[in-house]
Amino acid sequence: MYEGENMKSYKIKTVILLVLLIMGLSLYYYKNTNKTEYSDKIGKVSLYVETYLAGKNQLTHPNVIKFNKEWHGYKYWMGYTPYPNANGEEENPSIAASNDLYKWETPKGLANPVADNEETGCAELKDSQLIYREDLDRLEMWYLGRVAVNLGGDGKTLTLFRKISKDGVNWSKYEIIKEFKYVSPIVIWDGSKYKLWGIGFEDQGTKGLFDYMESEDGITWSDPVHCSVNGDSKTLDMWHGDIAYNKDLKKYEFVYIDTSNQNIYYSTSNDGLSFSKNKIILKNDSTWTRLYRPTLV
């Protein structure tokens with residue numbers, strides 16, 4: 001009788017210990033798989049995006065739009081330009097879409113590229129910028145083109161183009177917006193007007209500048225205004241960049257690449273003209289030969 005009670009007590013204790021162990025493991029699993037806080041060291045992952053050039057999936061100049069719910073099947077839409085082995089003739093604006101930011105695909109029914117240099121008579125197209133007009137429920141692809149000498153151009157002057165789409169698959173004929181003496185056009189629609197920034201470039205006679213202009217209709221534009229970063233408005237050494245308006249911060253956020261050191265910098269502004277002292281958010285530690293363009297989501 002005494003040994004039986006001991007065995008019964010032992011079994012009960014064993015069961016209790018097992019239950020506690022299972023509860024502990026469950027709580028540990030829940031705690032470590034349901035975190036809501038953000039980490040300052042999320043890491044990085046290489047994305048695979050199939051371009052229209054089979055086997056030459058070297059894309060650049062990404063620009064991602066996030067929707068709160070799926071828009072024509074996807075929460076994320078990205079504009080980009082293939083640039084295989086720095087071949088400008090193939091740098092034609094294209095579209096990819098995703099629901100998780102990792103797996104990207106060409107939307108069903110779309111034949112990339114969205115814009116082709118042959119339709120415009122340009123030697124190359126480049127620096128695409130994808131935006132969403134909520135009031136008109138449409139995507140707009142803005143991009144640059146350079147008309148070659150053998151096609152009647154001077155081989156240097158850049159033209160800003162635009163195409164529009166109501167579903168991301170079927171795109172309009174191109175529109176010529178204006179001559180553009182900068183690289184990396186950054187376009188925002190704020191609900192009443194277009195806001196456009198351009199980064200100066202030596203070939204366009206604007207080296208060291210970072211300029212802003214605006215338009216209500218996309219046709220008539222204001223004169224360029226010099227923007228400043230940390231008080232400098234004339235000798236900036238920037239490559240491509242991106243701007244987004246953060247409604248929570250009530251500030252414009254600006255990310256760009258410094259041409260000299262290939263680091264990515266971050267700066268903010270209350271008015272979109274005077275940007276605060278910049279800070280490095282990503283150092284090029286020789287992982288990449290060269291960085292091209294960061295984008296904000």
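Start by selecting Tyr212 in this predicted model. Is Tyr212 buried or exposed? Its relative accessibility is 10%, so Tyr212 counts as buried, because buried means under 20%.

Now add Trp197 to your selection. Trp197 is buried too, with a relative accessibility of 1%. How are two aromatic rings described? A pair is described by the distance of the centres and the angle of the planes. For Trp197 and Tyr212, the centres are 5.2 Å apart and the planes make an angle of 50 degrees, a tilted pair. Trp197 sits in strand 9 (residues 194–200) and Tyr212 in strand 10 (residues 210–215), so their pair ties together parts that are 15 residues apart in sequence.

There is plenty of aromatic company to look for: the structure holds 22 aromatic pairs. For your next stop, select Phe67, Trp71, Tyr74, Trp77 and Tyr132, which form one aromatic cluster.

Next, go to Gln129 in strand 4 (residues 122–133). Gln129 has a relative accessible area of 2%, so this residue is buried. Which side chain shares a polar contact with that of Gln129? Select Arg293: the two side chains are joined by a polar contact of 2.6 Å. Beyond its neighbours within four places in sequence, Gln129 also touches other residues, including Asn63, Trp142, Pro185 and Asp242.

Finish at the surface with Leu47, in the loop between helix 1 (2–33) and strand 1 (59–71). Leu47 has 46% relative accessibility, so it counts as partly exposed. Add Val45, Leu101 and Tyr102, and you will see the residues that make a nonpolar surface patch of about 390 Å² together with Leu47.

Terms used: Residues are numbered from 1 along each chain as its sequence is written. This is a predicted model: local features need pLDDT of at least 70, side-chain atom pairs count only at pLDDT 80 or more; totals for chains, interfaces and linings use all residues. Side-chain values use heavy atoms; hydrogens and water are left out. Helices (H or I, at least four residues) and strands (E, at least two) are DSSP runs, numbered from the N terminus. Buried means under 20% relative accessible area, exposed over 50%, partly exposed in between (1.4 Å probe, protein chains only). A polar contact is a pair of N or O atoms within 3.5 Å; within protein, one must be able to donate a hydrogen and the other to accept it, and residues adjacent in sequence count only if both atoms are side-chain atoms. Contact means heavy atoms within 4.5 Å. Patches are made of residues with over 30% relative accessible area and no salt bridge: like charges are joined within 9 Å, nonpolar side chains (Val, Leu, Ile, Met, Phe, Trp, Tyr) within 5 Å. Accessible areas come from the Shrake-Rupley method with a 1.4 Å probe; for residues, only the protein chains shown count as cover. A salt bridge is a side-chain nitrogen of Lys or Arg within 4 Å of a carboxyl oxygen of Asp or Glu. Rings of Phe, Tyr and Trp (its six-membered ring) pair if their centres lie within 6.5 Å; planes under 30 degrees apart count as stacked, over 60 as edge-to-face and the rest as tilted.
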